[in-house]
Amino acid sequence: MRNKKYPYYENPQIRDLKDLLQIKAEAHPEKAAFVYPVKDGEMKKDYIDLYNDVNALGTWMYGRKIQGKHIAIIGENSYEWMVTFLAAINGGNVAVAIDKSLPDDEIQELLKKSDCNAIMVSGACKSKIKKKSGRRIYCMDDFEAYLEEGRGLLRKGKTDFRKYNIQQDKTAAILFTSGTSGFSKGVELTNRNITFEINNTCKLFRLDGNVLAVLPFHHAFGLIVGILMVLFYGQTVFINKSLKQVKNNMEEFQPQTMFLVPLFVEFFHRQIWAEIRKRGKEKAFRTLMKSTNGLRRVGIDVRKITYDSIRKVFGGKLQYIICGGAPLDPMYVKEFRTWGIEILNGYGTTECSPCTAVNRPFHRLDGSVGQIVPGIDARVTDEGEIVFRGDLVMKGYYNDKEATDLVLQDGWYHTGDLGYIDKDGFITLTGRKKNLIILSNGENISPEELEMDLARDEAVQEVLVYDEQSKIVAEIFPDEEHKGDQAYFNALMDKVNKGRPLYKQIVRVKLRDEEFIKNASMKIIRHKNIFPQQ
């Protein structure tokens with residue numbers, strides 16, 4: 001029940017990702033770094049295997065004259081994807097992570113935009129790449145052959161890759177933003193950015209068990225926080241190959257921690273309550289939750305026994321969900337805590353490598369996005385915008401000085417998020433600067449506040465609030481049971497409006513038949529949904 005300030009965790013610091021792999025391979029060579037499904041069952045790669053495979057692939061790259069190049073990585077989450085990423089960075093190349101789910105023409109545009117010289121692509125995505133692009137294309141289906149060729153070169157004494165000295169301020173990776181503007185920009189992260197992020201963010205949290213990786217590797221949160229930090233802790237990552245298998249993977253692998261975006265949390269929450277209602281136990285279950293919460297307040301914790309059936313949904317050993325990428329209603333945090341699973345809400349942006357704040361296991365503030373990562377500066381501007389400065393702030397947007405200058409001012413990265421910072425360093429967000437609804441009467445409204453209240457209703461799958469001719473409109477994608485039920489949602493609108501001043505009230509609810517268009521981190525892209533013709 002402790003919830004108060006306590007010292008940062010102390011961890012051995014790393015110089016770079018090459019240093020990270022070597023330290024872990026020497027400390028526990030036979031511990032599993034990655035486990036993943038294959039046709040015949042499961043494949044396990046120990047830390048020494050990972051270290052050797054990265055060296056072999058990097059040596060293969062040098063043997064193919066892939067040095068100082070931009071290497072695109074396109075494919076589903078896989079061990080091959082991660083080894084390619086690490087080998088590229090550790091040899092002085094630039095790893096360019098591209099979302100495999102993008103339309104083919106958009107992938108071609110990003111390849112051009114990032115000046116890629118070579119492409120490593122999975123077999124399933126090979127058809128997305130134009131062979132006459134002038135770039136060297138390599139397929140992950142031939143990965144073992146590349147490793148064997150690299151091992152052969154190592155046996156012959158070719159050690160240039162292993163001896164390469166990483167330059168801290170050289171661009172290591174280009175990760176494309178998945179912001180809600182719909183215009184992807186290539187974020188240049190240096191070795192210093194990534195290393196600082198790992199060393200300092202890990203002072204806020206300690207990982208003591210396995211992780212099930214479900215977020216895409218091309219996304220900064222899924223890659224740097226969900227994978228590289230796990231390797232820093234020396235724990236094991238189980239790579240989920242298909243979202244259809246998440247439930248089975250949780251039961252089989254029994255993760256202690258998962259890194260998720262709110263969409264997953266909301267989905268699991270809906271499934272749990274749907275099962276409770278199906279059994280006609282909702283009223284009794286809510287009474288039980290109040291009872292166990294009351295017991296906890298007097299120091300009696302019976303959650304492991306009482307909510308064993310819910311915990312088994314997640315494999316039985318899940319303690320923490322680190323949640324980021326989009327706002328999360330505090331209601332989910334409180335209910336999962338009641339069931340014995342702590343959601344630690346965090347905050348970040350690709351441009352900041354990505355994590356800038358996270359709630360701690362024993363020092364948290366519900367409704368906030370956590371405590372500022374140690375070693376960086378954060379403040380709120382006169383306009384109420386959160387800004388950051390420090391070694392985790394990107395080098396800039398690749399080949400886009402104009403866009404870089406808009407967000408990097410006097411060393412401060414301007415997030416576009418509105419909020420405040422309390423005396424303990426907890427950040428609370430109130431909305432997006434560019435999402436503000438400015439009515440004709442001059443009143444400013446954050447649509448996120450209204451969206452969160454509407455989304456608490458189980459019938460609301462997705463919602464977007466916006467200004468239409470100086471009136472506040474809510475557009476809702478309902479669940480199957482309430483599709484077309486305008487009366488239900490009009491009543492919900494009245495409920496949400498109750499007690500709000502007139503200027504903050506929704507005047508109309510629109511129902512839609514399809515989900516909203518989203519980006520890679522599952523955020524609704526506002527401009528594409530409000531102005532679809534753009």
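**Entry 1: the nine-strand sheet**

In what order do the nine strands of the open sheet run, and what is their pairing? I am working from a predicted model, and that was my opening query. I read the order as β2-β1-β10-β9-β11-β12-β13-β14-β15, and the pairing is mixed. I then looked at the ends: β2 (41-46) and β15 (371-372) are the edge strands, each with a single partner, so one side of each has no neighbour in the sheet.

Next I walked through some of the pairs. β9 pairs with β10 (residues 237-239) in the parallel sense, over three bridges. There I noted V211, whose bridge partner in β10 is V237. β11 and β12 are also joined in the parallel sense, by four bridges, and M258 has I321 of β12 as its bridge partner. β12 in turn pairs in the parallel sense with β13, over four bridges, and here I321 stands opposite I343 in β13. I enjoyed meeting I321 twice: it is the bridge partner of M258, and it faces I343 as well.

**Entry 2: what covers β12**

Are the residues on the two faces of β12 buried or exposed? I checked each side. Y320 and I322 on one side are buried, and so are I321 and C323 on the other, which leaves both faces of the strand covered.

**Entry 3: helices on the nine-strand sheet**

Which strands does α8 lie across? I listed β1 (32-38), β9, β10, β11 (257-260), β12 (320-323) and β14 (355-358), with the helix running at about 160° to β11. I then turned to α14, which packs on the sheet and touches β12 and β13. The direction of α14 makes about 150° with that of β13.

**Entry 4: cavities**

How many cavities of 30 Å³ or more does the structure hold? I found three. The largest has a volume of about 60 Å³. Its lining is made by P330, V333, I343, N345, N359, L365, D366, G367 and S368. Two elements give two or more residues to this lining, α14 (330-338) and β13 (342-348). By class, I noted four nonpolar, four polar and one charged residues. I was pleased to see I343 again, as it lines this cavity and also stands opposite I321.

The second largest cavity has a volume of about 50 Å³. I wrote down its lining as V211, L212, A213, V214, L215, G222, G226, I227 and F259. At least two of the lining residues come from β9 (211-213), and at least two from α8 (220-233). The classes here are seven nonpolar, two polar and no charged residues. V211 is another return visitor: it is part of this lining and has V237 as its bridge partner in β10.

**Entry 5: a pocket**

I moved on to the second largest pocket, with a volume of about 470 Å³. Which of its 19 lining residues are closest to the centre? I got D301, R303, Y320, E342 and F362. The lining has six nonpolar, four polar and nine charged residues. I had already met Y320 as one of the buried residues of β12.

**Entry 6: the three-strand sheet**

I then looked up the open sheet of three strands, which has the order β24-β25-β26 and mixed pairing. Its edge strands are β24 (460-467) and β26 (508-511), each pairing on one side only. From one strand to the next, the twist averages 25°.

β24 and β25 pair in the antiparallel sense over seven bridges, and V460 stands opposite P478 in β25. The two strands form a hairpin with four residues between them. In that turn I picked out Q469, which has a positive phi of about 55°. On the other pairing, β25 (residues 472-478) and β26 run parallel and are joined by four bridges. V473 has R508 as its bridge partner in β26.

Why did I call β24 largely enclosed by the rest of the structure? Six of its eight residues are buried, that is, under 20% relative accessible area.

**Entry 7: helices on the three-strand sheet**

My last look was at the helices here. α16 (residues 447-455) packs on the sheet and touches β24 and β25, its direction making about 155° with that of β24. α17 (residues 486-497) lies across β24, β25 and β26, and runs at about 140° to β26.

Notes:
Residues are numbered from 1 along each chain as its sequence is written. This is a predicted model: local features need pLDDT of at least 70, side-chain atom pairs count only at pLDDT 80 or more; totals for chains, interfaces and linings use all residues. Side-chain values use heavy atoms; hydrogens and water are left out. Two strands pair if DSSP finds at least two bridges between them. Axes are lines fitted to C-alpha atoms, for helices over the stretch in contact, and angles run from 0 to 180 degrees between N-to-C directions. Contact means heavy atoms within 4.5 Å. On a 1 Å grid over the protein atoms alone, a cavity is a set of points where a 1.4 Å probe fits but cannot get out, and a pocket is an open set with protein on both sides within 12 Å along at least five of seven lines; lining residues have an atom within 4 Å of a point. Grid points are joined across faces, edges and corners, and a volume is the space filled by probe spheres set on the points. Ala, Val, Leu, Ile, Met, Phe, Trp, Tyr, Cys and Pro count as nonpolar, Asp, Glu, Lys and Arg as charged, and the others, Gly among them, as polar. Buried means under 20% relative accessible area, exposed over 50%, partly exposed in between (1.4 Å probe, protein chains only).
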